[in-house]
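Let's take a walk through this model together, helix by helix. Have the sequence at hand as you read.

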Amino acid sequence: MDLFQKIGEGAGSLVGGALSGVVNIAAEVINAEMLREASQEILSGNRQAGQTLGKTVDGVLDVAGGFVRRDSEQLADGKEKLTTVTKTAVVGVKNSLDFATEQVSEAYEGGKEMDGQRLLKVARNTGKALVVSAAVVSVVKVRKGLKFKL
């Protein structure tokens, strides 16, 4: 039962594609390479967020269904989906911390050496990450507002 995962991935692709398109238009208007790069990350980030949200719903439904029906295979499948979602979240947090650590280190070294180019690179990388994060998180917040009656 991967229905919600597929729905989530499709919805994430649709919303991510729309946001990515808007960012691409802005990138063309102001000729900003950073925004062009961010638009691709917005698309993939929203697709991943939708897929993860859907996999979570599928996992919860499989666990509940397996418990009610006393179906150990469905229960195990649901637990596996939820484990995968948890591992994905942990890897995401680790990657975010690694990125932040790297940017802080680069900023420190650039400031210590008075290297303007290095500092601009840090500002560019951090700005792009903020644009992508804001676009993906805002979509997840919108999705949380949706209510499903089962």
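Helix α2 has 37 residues and reaches 54 Å from its first C-alpha to its last, close to the 54 Å expected at 1.5 Å a residue. That expected span is 1.5 Å times one less than the number of residues. Helices here are DSSP runs (H or I, at least four residues), numbered from the N terminus. This is a predicted model, in which local features need pLDDT of at least 70 and side-chain atom pairs count only at pLDDT 80 or more, while totals for chains, interfaces and linings use all residues. Residues are numbered from 1 along each chain as its sequence is written, and side-chain values use heavy atoms, leaving out hydrogens and water.

Just after α2 comes R70, in the loop between α2 and α3. Its phi is near 55°, a positive value in a residue other than glycine. R70 counts as exposed because its relative accessibility is 75% (exposed means over 50% relative accessible area, buried under 20%, and partly exposed in between, with a 1.4 Å probe and protein chains only). M114 lies in the loop between α3 and α4. Phi of M114 is near 55°, again positive in a residue other than glycine, and at 71% relative accessibility M114 is exposed.

Now turn to F4, in helix α1. The C-alpha atoms of F4 and T56 are separated by 8.4 Å, although their positions lie 52 residues apart along the chain when counted as a separation. Leaving aside neighbours within four places in sequence, F4 is in contact (heavy atoms within 4.5 Å) with G54, V57, D58 and L61.

Which residues make up the largest nonpolar core? They are V23, A27, A32, L35, A38, I42, A49, V132, A135 and V136. Such a core is a set of buried Ala, Val, Leu, Ile, Met, Phe, Trp, Tyr and Cys residues joined through side-chain atoms within 4.5 Å. Helices α1 (3-30), α2 and α4 each give two or more residues to this core, and the largest share, 4 residues, comes from α2. Among the core residues, V23 touches L35, S39 and I42, not counting residues up to four places away in sequence.

Finally, look at how the lining of the largest pocket divides by class: 10 nonpolar, 11 polar and 2 charged residues. Here Ala, Val, Leu, Ile, Met, Phe, Trp, Tyr, Cys and Pro count as nonpolar, Asp, Glu, Lys and Arg as charged, and the others, Gly among them, as polar. A pocket is an open set of 1 Å grid points, over the protein atoms alone, where a 1.4 Å probe fits, with protein on both sides within 12 Å along at least five of seven lines; lining residues have an atom within 4 Å of a point.
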